[in-house]
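I opened this entry to look up one residue, then the open space and the packing around it. Notes follow in the order I checked things.

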Amino acid sequence: MLFAWSRDEEATDLGLYASRGVYQYLANGLVEHASECLKSFIQSYKAESFEVEKKTLENATKSISLDYAPDSPLLNCCSLVLAAVNKKEGTQPSLDPMRTCLNQ
């Protein structure tokens, strides 16, 4: 639904619409729903022929794979926020994405 809504507008970054759903779920403590919201949005984003790549962030002991959309900084931000929340929840292998990005 969020992706369909984003296509009705002349948005420069469709991630704005994904972030509305993801952050609302996170604000209510519904991490799984936030993850599913982002996953669904990214699937629709790919289906519309937008570019999405898998990026792996690594440190000495752990790594995490994230979807990366070159044309959508807000979509990438949602992915990083969810990775950080999942790290705190202990639901997936993760690392400190900001430290990794800064070291590159």
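I started with S79, which sits in helix 4. The model is a predicted one, and I kept that in mind throughout.

Is S79 buried or exposed? I found its relative accessibility to be 8%. S79 is therefore buried, since the cut-off is under 20%.

Next I listed what S79 touches, setting aside residues up to four places away in sequence. The list reads L38, I42, L66 and D67.

I then turned to the largest pocket. Its space comes to about 260 Å³, and I counted 13 residues in its lining. Nearest the centre of this pocket I noted L38, L66, D67, S79 and L82.

Which elements supply at least two residues each to that lining? I wrote down helix 3, strand 2 (63-68) and helix 4. By residue class, I have the lining as 5 nonpolar, 5 polar and 3 charged.

After that I looked up the largest nonpolar core, which has 18 residues. Among those with the most contacts inside this core I noted L38 and L82, two residues I had already entered for the centre of the pocket. V22, L26, F41, Y45 and L75 complete that group. Helix 1 (2-8), helix 2 (15-27), helix 3 (31-47) and helix 4 (73-89) each give two or more residues to the core. Helix 3 gives the most, with 7 residues.

My last check was Y45. Leaving out its neighbours within four places in sequence, I recorded contacts between Y45 and F3, L14, F50, E51, V52, A69, D71, S72 and L75. L75, like Y45, is on my list of residues with the most contacts inside the core.

Terms used
Residues numbered from 1 in each chain as written. Predicted model: local features only at pLDDT ≥ 70, side-chain atom pairs only at ≥ 80, totals over all residues. Heavy atoms only, no water. Core = buried A, V, L, I, M, F, W, Y, C linked by side-chain atoms within 4.5 Å. Buried < 20%, exposed > 50% of the residue type's maximum accessible area, 1.4 Å probe, protein only. Helix = DSSP H or I, 4+ residues; strand = E, 2+ residues; numbered from the N terminus. Contact = heavy atoms within 4.5 Å. 1 Å grid on protein atoms, 1.4 Å probe; cavity = no way out; pocket = protein on both sides within 12 Å on 5 of 7 lines; lining within 4 Å. Points joined across faces, edges and corners; volume = space filled by probe spheres on them. Nonpolar A, V, L, I, M, F, W, Y, C, P; charged D, E, K, R; others polar.
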